[in-house]
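Student: Hey, can we go through this one together? I'd like to start with how two of the helices meet.

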Amino acid sequence: MKLERQAIIDTAIALLDEVGLDKLSMRRLAKEFDVQAPALYWHFKNKQELLDHMLVAMSPAELRVPRPGQAWDDWLIERSRLQYGRLIKHRDGARLAAQTKPTEDLFPGLESMLEALGAAGFAPEEALRGLLAISSYITGSALEREGARSPAAEAAETPETAEPAGQPDGMPDMSQYPNLVAAVGAARDPDAVFDYGLNAIVAGMRAELEKRGK
């Protein structure tokens, strides 16, 4: 395999899925190319720069702007779902997102998104605040989902700790908590919970526009 920048990124993502973020090292990645680790530093000055560019590669390049005739809020929700799906698709994808910072590669897409929201009536700072709030929410939701399916969490669920029949999440007698029993089922669908929060954030952005009659 030829040692090129994109090939390194693609191989690093594949290795991330295989071994996880903690075991992803420049030395281990170099072995995939049958080279020594210093050879990678011709393309990335350090591991952090590589991680930053891995996230760029994992982020959706599509839907930078609304489709023709698509409302800004529908577009933002669709794109956010796509971004969330990309993070949870990869092992430790959310942890990677939490540990990286934007690179210049993201600036053109971000500029396009701000322009699209500006056309909807948002000032640049308002649009950026909304995008950052959604980005933080996406990463946090994906982190929580990763934690729920981590090896440690799975190992903790032994036959002794598995939930008793009729009692959610291994809790004791829940008869004195009828509202909690009625509601807890909804919390078992992480996608539905994510959508609820995402729609709430976008509804807040929409309400700000409506205040100004946009």
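**Where two helices meet**

Tutor: Sure. This is a predicted model. In it, Arg5, Ile8, Ile9, Ala12, Ile13 and Leu16 of α1 are in contact with Glu49, Leu50, His53, Met54, Ala57 and Met58 of α3.

Student: What classes of residue are in that contact of α1 with α3?

Tutor: There are nine nonpolar residues, one polar and two charged.

Student: And at what angle do α1 and α3 pack?

Tutor: The angle is about 85°, and the axes are 10 Å apart. An angle from 65 to 115 degrees counts as roughly perpendicular, so α1 and α3 are roughly perpendicular to each other.

Student: Ok, back to α1. How many residues does α1 have?

Tutor: Helix α1 has 15 residues, running over 5-19. From first C-alpha to last, α1 reaches 21 Å, close to the 21 Å expected at 1.5 Å a residue.

Student: Which residues of α1 are buried?

Tutor: Ala7, Ile8, Ile9, Thr11, Ala12, Ile13, Leu15, Leu16 and Val19.

Student: What covers the buried residues of α1?

Tutor: The cover includes α2 (26-32), α3 (47-58) and α5 (93-99).

Student: What comes just after α1?

Tutor: Gly20, with a positive phi of about 90°.

Student: New topic: which residues does UniProt list for "DNA-binding region"?

Tutor: The unreviewed UniProt entry lists residues 25-44 under that name.

Student: How much helix and strand is there over residues 25-44?

Tutor: That stretch is 35% helix and 0% strand, and its end C-alpha atoms are 13 Å apart.

Definitions and conventions: Residues are numbered from 1 along each chain as its sequence is written. This is a predicted model: local features need pLDDT of at least 70, side-chain atom pairs count only at pLDDT 80 or more; totals for chains, interfaces and linings use all residues. Side-chain values use heavy atoms; hydrogens and water are left out. UniProt positions are given in the numbering used here, feature names are shortened, and annotations may be inferred rather than shown by experiment. Helices (H or I, at least four residues) and strands (E, at least two) are DSSP runs, numbered from the N terminus. The expected span of a helix is 1.5 Å times one less than its number of residues. Buried means under 20% relative accessible area, exposed over 50%, partly exposed in between (1.4 Å probe, protein chains only). Contact means heavy atoms within 4.5 Å. Axes are lines fitted to C-alpha atoms, for helices over the stretch in contact, and angles run from 0 to 180 degrees between N-to-C directions. Angles under 35 degrees count as roughly parallel, over 145 as roughly antiparallel, 65 to 115 as roughly perpendicular and the rest as oblique. Ala, Val, Leu, Ile, Met, Phe, Trp, Tyr, Cys and Pro count as nonpolar, Asp, Glu, Lys and Arg as charged, and the others, Gly among them, as polar.
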